[in-house]
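Got your viewer open? Grab the selection tool and let's take a walk through this one, stop by stop.

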Amino acid sequence: MNCKVERSTLTGSIGCPPNKSYTHRAIFLASLVDGKSIIKNVLKSRDTVATMNICKSFGAQIQEAGRNLKIRGIEEFDDADLLVDASNSGTTIRIAAAIASLRDAKTTLTGDESLKKRPMKPLLDALEALGAKCTSNDGKPPVTVVGRARGGSITIPGDISSQFISALFIAAPKMENGLTVNISTELVSKPYLDATISSMKKFGVTVQVIEPYRKYQIAPQEYKHATVSIPSDFSSIALLLSAAVLVGRDLTINASIGDLSQGDEAIIDILGKMGVDVSLHKNTIKVRAPEKLLGGRFDLSNTPDLLPPLSILCLKCQAPLEIYNVRHARFKETDRIAIIARELRKIGVSVKENDDGLVMSPPEKTSGAHLDSEDDHRLFMAFCIAAMYVGDCTVSDPESVDVSYPTFVDDMIGVGAKITFA
Ligand SMILES: O=C(O)C1=C[C@@H](OP(=O)(O)O)[C@@H](O)[C@H](O)C1
Ligand SMILES: C=C(OP(=O)(O)O)C(=O)O
């Protein structure tokens, strides 16, 4: 499907969905507790439903109560072979593969066409070194995992995805010998590993930091039941902030922030450096943007999901906008660097594509076009916002928003977006 997007001005107030990463973690962790946990304010989206379904297949009991989940964890893994579907979600398949290594029986893990292109090899190599048997389609899904991983010491690269390491951490306390993880390269997406460690702490498990982002030890431990509240998602807030900067007039974003930190909060600093004043008061966020943004050079190594919302701001810059150190954005739902370069050129931006990022020069003149998001939720949302600034565009694959922000299009229309389904 496509949608048609006209020039729009957004005004009023808009909510924002709960955090996807913390929702996944809380569901997996609660599933590993011998007891009952409560997760409040969960994100219910295609990705997190995939996590719920897989945890149920592993033996967890999950009851939905409004925006909350009651989860009774897996008492004991059964010995049936399982086929599970992680849909579009990298986080899900990676964490589920590590949990599968705790089962004696075979687990086959697959996903949609996009997920079948995403790397799994460093994780599978680590699980094999810990005692599991794994197969894959040339390092990609579908993968099979037969446990058990008994634990020990492994060395793993950190330059493709932090999710491999988050996955190993989450399974580690259940391995009989515990786990020592040595990260052999600079780690990308560091705040997501911190999110894993703080989520594990909420469920009563300690990760020992030997050297930050290089070496960790996790002793065999029992997860304990917990009540956890999921904050709003800064990756989604970042998109709303871009919308506020490009096409907002007194747009207020309502968010609940909480005590769990998120790397993508960095968007506030980045916008500040581009000349935008972002104010956060009692769970409401507002921006004051100048006529033209300053541009600048930004390192997105820790915050790859900011690539789409930040890139589209080049439309309103007075100087080039450079994004670097984010090669791992090529291994997401799509190769986000390549697609952003290709699609922004269509609306008049001059783009230099580098291996690890983009240099975008502000357009002298913009023009409407058909923007192909290749079914990538973050690209659809970013292109849709760009289209509201440019006007006279169509954008492909609005259904993709189900992955992380199911109400995105309705919420946007609610504050004045001119989006119709073509
Ligand atoms: O662990 C997580 O919840 C995530 C980690 C990041 O991926 P990488 O570590 O693969 O960069 C991020 O891009 C993704 O959206 C969510
Ligand atoms: C890359 C993302 O998620 P995942 O890796 O879980 O598919 C994302 O949400 O942008």
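Which residue in β21 is the bridge partner of N354? Select G357 and you have it: G357 in β21 is the bridge partner of N354.

Before we move on, know that this is a predicted model, where local features need pLDDT of at least 70 and side-chain atom pairs count only at pLDDT 80 or more, while totals for chains, interfaces and linings use all residues. Residues are numbered from 1 along each chain as its sequence is written, and chains are lettered from A and ligands numbered from 1 in the order in which they are written.

**Stop 1: the sheet**

Now select β20 and strand β21 (residues 357–361), which pair in the antiparallel sense over five bridges. Strands here are DSSP runs of E with at least two residues, helices are runs of H or I with at least four, and both are numbered from the N terminus; two strands pair if DSSP finds at least two bridges between them.

Add the other strands, and you get an open sheet of four in the order β18-β19-β21-β20, with mixed pairing. β18 (296–299) and β20 (350–354) are the edge strands with a single partner each, so one side of each has no neighbour in the sheet. On average, neighbouring strands are turned by 10° against each other, direction ignored.

Next, show helix α10 (residues 336–346): α10 lies across β20 and β21, running at about 165° to β20. Axes are lines fitted to C-alpha atoms, for helices over the stretch in contact, and angles run from 0 to 180 degrees between N-to-C directions.

**Stop 2: two helices**

Select α7 (residues 234–247) and α11 (residues 377–390), which pack at about 10° with their axes 9 Å apart. That makes α7 roughly parallel to α11 (angles under 35 degrees count as roughly parallel). From α7, the contact uses L239, S242, A243, L246 and V247, and from α11 M381, A382, I385, M388 and Y389; residues are in contact if their C-beta atoms, placed from the backbone, lie within 7 Å.

**Stop 3: the ligands**

Click on ligand 1 and show its surroundings, including S21, T91, Y192 and H328 (a residue is near if its C-beta atom, placed from the backbone, lies within 6 Å). This shell draws at least three residues from each of domain 1 (2–17 + 231–421) and domain 2 (20–229), with domain bounds from an automatic or database domain assignment.

Finish at ligand 2, where the residues around the ligand are D47, S89, G90, T91, D305, K332, E333, R378 and S404.

Note on methods. Angles under 35 degrees count as roughly parallel, over 145 as roughly antiparallel, 65 to 115 as roughly perpendicular and the rest as oblique. Two residues are in contact if their C-beta atoms, placed from the backbone, lie within 7 Å.
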